[in-house]
Amino acid sequence: MKAVVQRDYGDVEVLKVEDIDHPVVGQNDVLVRVVAASLNHADWIHMSGTPLVARLAFGTRRPKAMTRGKDVAGVVESVGTNVTAFRQGDEVYESSVQEPLRSTSPHPPPFWRESRSI
């Protein structure tokens, strides 16, 4: 699957589209096929690694997390066996300024999220 990946700190030039392994859905996970995504101010801070003290949390030499973008919308592709609030086909979105993963479908409902954080 394709993803925007960051392997070093820097400006927007450090973001590259690459093929990565398809996420494995665990018992408590939700996999969402992303239809739209964006970067926000928090992503910019993670990307640039500034202020430098932030790198203590993000990774000192390189970012610990390779992917950016907390603001996404998409469709649930699959759910783990312990997930009851979401089902395949639910339209969902997640925003870093709101509670994680909300449903736009009438039912309470590829981006991977552990359902305990939903």
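What follows is a short dialogue on reading a few features of this predicted model.

Biologist: Let's start with the overall layout. How many helices and strands does the chain have?

Modeller: The chain has two helices and seven strands. Going along the sequence, they come in the order β-β-β-α-α-β-β-β-β.

Biologist: And the surface, what share of it belongs to carbon and sulfur atoms?

Modeller: Carbon and sulfur atoms account for 56% of an accessible surface of about 7400 Å². As for burial, 32% of the 118 residues in the chain are buried.

Biologist: On to salt bridges. What do I look for, and how many are there in the whole structure?

Modeller: Look for a side-chain nitrogen of Lys or Arg within 4 Å of a carboxyl oxygen of Asp or Glu. Searching the whole structure turns up four of them. Take Glu-18 and Arg-7, whose closest N and O atoms are 2.7 Å apart. That pair links distant parts of the chain, 11 residues apart: Glu-18 sits in strand S2 (residues 15-19), and Arg-7 in the loop between strand S1 (2-6) and S2.

Biologist: Are those two residues buried or exposed?

Modeller: Neither label fits, because buried means under 20% relative accessible area and exposed means over 50%. Glu-18 has 22%, so that residue is partly exposed. Arg-7, at 40%, is partly exposed too.

Biologist: Which residue forms a salt bridge with Asp-8?

Modeller: That's Arg-62, with the closest N and O atoms 2.9 Å apart. Here the partners are 54 residues apart: Arg-62 is in the loop between helix H2 (55-58) and strand S4 (71-79), while Asp-8 is in the loop between S1 and S2. Arg-62 is exposed, because its relative accessible area is 55%, whereas Asp-8 counts as partly exposed at 35%.

Biologist: What about Glu-77, which partner does it have?

Modeller: Glu-77 pairs with Arg-33, and their closest N and O atoms are 2.6 Å apart. Since Glu-77 lies in strand S4 and Arg-33 in strand S3, the salt bridge ties together parts that are 44 residues apart in sequence. Both ends are partly exposed: Glu-77 has 21% relative accessibility, and Arg-33 has 44%.

Biologist: Now a buried acidic residue. Why does Asp-29 count as buried?

Modeller: Compare its accessibility with the cut-off: buried means under 20%. Asp-29 is at 9%, so this residue counts as buried. Asp-29 belongs to strand S3 (residues 29-38). A polar atom of the Asp-29 side chain lies 2.6 Å from the backbone nitrogen of Gly-26.

Biologist: And Asp-71, where is that one found?

Modeller: In strand S4. Asp-71 is buried as well, with a relative accessible area of 16%. Its side chain makes a polar contact of 3.0 Å with the side chain of Asn-40.

Biologist: Last one: which residues is Gly-49 in contact with, leaving aside neighbours within four places in sequence?

Modeller: Those are Tyr-9 and Arg-55. Gly-49 sits in the loop between helix H1 (41-48) and H2, and counts as buried because its relative accessibility is 0%. You can also check a C-alpha distance: Gly-49 and Asp-11 are 38 residues apart along the chain, and their C-alpha atoms are separated by 9.6 Å.

Technical notes: Residues numbered from 1 in each chain as written. Predicted model: local features only at pLDDT ≥ 70, side-chain atom pairs only at ≥ 80, totals over all residues. Heavy atoms only, no water. Helix = DSSP H or I, 4+ residues; strand = E, 2+ residues; numbered from the N terminus. Buried < 20%, exposed > 50% of the residue type's maximum accessible area, 1.4 Å probe, protein only. Polar contact = N/O pair within 3.5 Å; in protein donor to acceptor, adjacent residues only side chain to side chain. Areas by Shrake-Rupley, 256 points an atom, 1.4 Å probe, with all protein chains shown as cover. Contact = heavy atoms within 4.5 Å.
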